[in-house]
Amino acid sequence: MATATEPPAKRSRRVNFSDEEMMAMILGWQDRQDVLRERFSQNITAERKKKAWEDVTTEVNSVSRILRGTEEVKKKFVDFKSVVKKKMSIMRQEQEKTGGGTSEAKALTHIEEAMAQVIKEIQVSGIPGLQDPGSM
């Protein structure tokens, strides 16, 4: 039992994802996006999505020195996608500013650029099966 003078035990941190792991994760997701992006239906079940994420995790682990779990890979993908979207938004805001001067936005790295392509595919294609109200 810890006494009042001892600091609480720290949780050990996992090692950061390497560039190779990140690319494997992004490419693995792209290969399975037909299952991972779709909403649940008769064809797209929770089991199929789970299997697709397990396959992505297997690809990440094939290039990794550290064994990663499926939930860890899934969380990293969602978090990284969010970071890249935020960075893209800042870049867009910088481009739309009026006046001279240099942009304060940092350029995307090659890994972030790969994720940006995934984000653009999602935004352009929209929701499958949903018709544009103007086309009716």
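The exercises below, each with a worked solution, concern the helices of one chain and a few of its residues.

The model is a predicted one, in which local features need pLDDT of at least 70 and side-chain atom pairs count only at pLDDT 80 or more, while totals for chains, interfaces and linings use all residues. Residues are numbered from 1 along each chain as its sequence is written, and side-chain values use heavy atoms, with hydrogens and water left out.

**Exercise 1. Describe the chain as a whole.**

Task: state how many helices and strands there are in the chain, and what share of its residues count as buried.

Solution. Begin with the elements, where helices (H or I, at least four residues) and strands (E, at least two) are DSSP runs numbered from the N terminus. The chain has five helices and zero strands, and from the N terminus on the order is α-α-α-α-α. Next take burial, for which buried means under 20% relative accessible area, exposed over 50%, and partly exposed in between (1.4 Å probe, protein chains only). Of the 136 residues of the chain, 26% count as buried. Finally, with contact meaning heavy atoms within 4.5 Å, residues 24 or more positions apart account for 64% of the contacts in the chain with a separation of 6 or more.

**Exercise 2. Work out how α1 packs on α4.**

Task: find at what angle the axes of α1 and α4 cross, and which residues make the contact.

Solution. The axes, which are lines fitted to C-alpha atoms (for helices over the stretch in contact, with angles from 0 to 180 degrees between N-to-C directions), come within 11 Å for helix α1 (residues 19-31) and α4, and they cross at roughly 90°. That crossing makes α1 roughly perpendicular to α4, since angles under 35 degrees count as roughly parallel, over 145 as roughly antiparallel, 65 to 115 as roughly perpendicular and the rest as oblique. From α1 the contact draws on Met-22, Met-25, Ile-26 and Trp-29, and from α4 on Val-73, Lys-76, Phe-77 and Phe-80. By class, these residues are seven nonpolar, no polar and one charged, where Ala, Val, Leu, Ile, Met, Phe, Trp, Tyr, Cys and Pro count as nonpolar, Asp, Glu, Lys and Arg as charged, and the others, Gly among them, as polar.

Now look at Met-22, a residue of helix α1, which counts as buried because its relative accessibility is 4%. Met-22 and Lys-76 are 54 residues apart in sequence, yet 8.8 Å apart in space, C-alpha to C-alpha. Leaving aside residues up to four places away in sequence, Met-22 touches Phe-17, Lys-76, Phe-80 and Ile-111.

**Exercise 3. Place Thr-57 in the meeting of α3 and α4.**

Task: decide whether Thr-57 is buried or exposed, and list what it touches.

Solution. Thr-57 lies in helix α3 (residues 46-63) and is buried, because its relative accessible area is 4%. The axes of α3 and α4 come within 9 Å and cross at roughly 90°, which makes α3 roughly perpendicular to α4. In this meeting Trp-53, Glu-54, Val-56, Thr-57 and Val-60 of α3 face Thr-70, Val-73, Lys-74 and Phe-77 of α4, a set with five nonpolar, two polar and two charged residues. Not counting residues up to four places away in sequence, Thr-57 touches Arg-68, Gly-69, Thr-70 and Val-73. A polar atom of the Thr-57 side chain also lies 2.9 Å from the backbone oxygen of Trp-53.

Definitions and conventions: A polar contact is a pair of N or O atoms within 3.5 Å; within protein, one must be able to donate a hydrogen and the other to accept it, and residues adjacent in sequence count only if both atoms are side-chain atoms.
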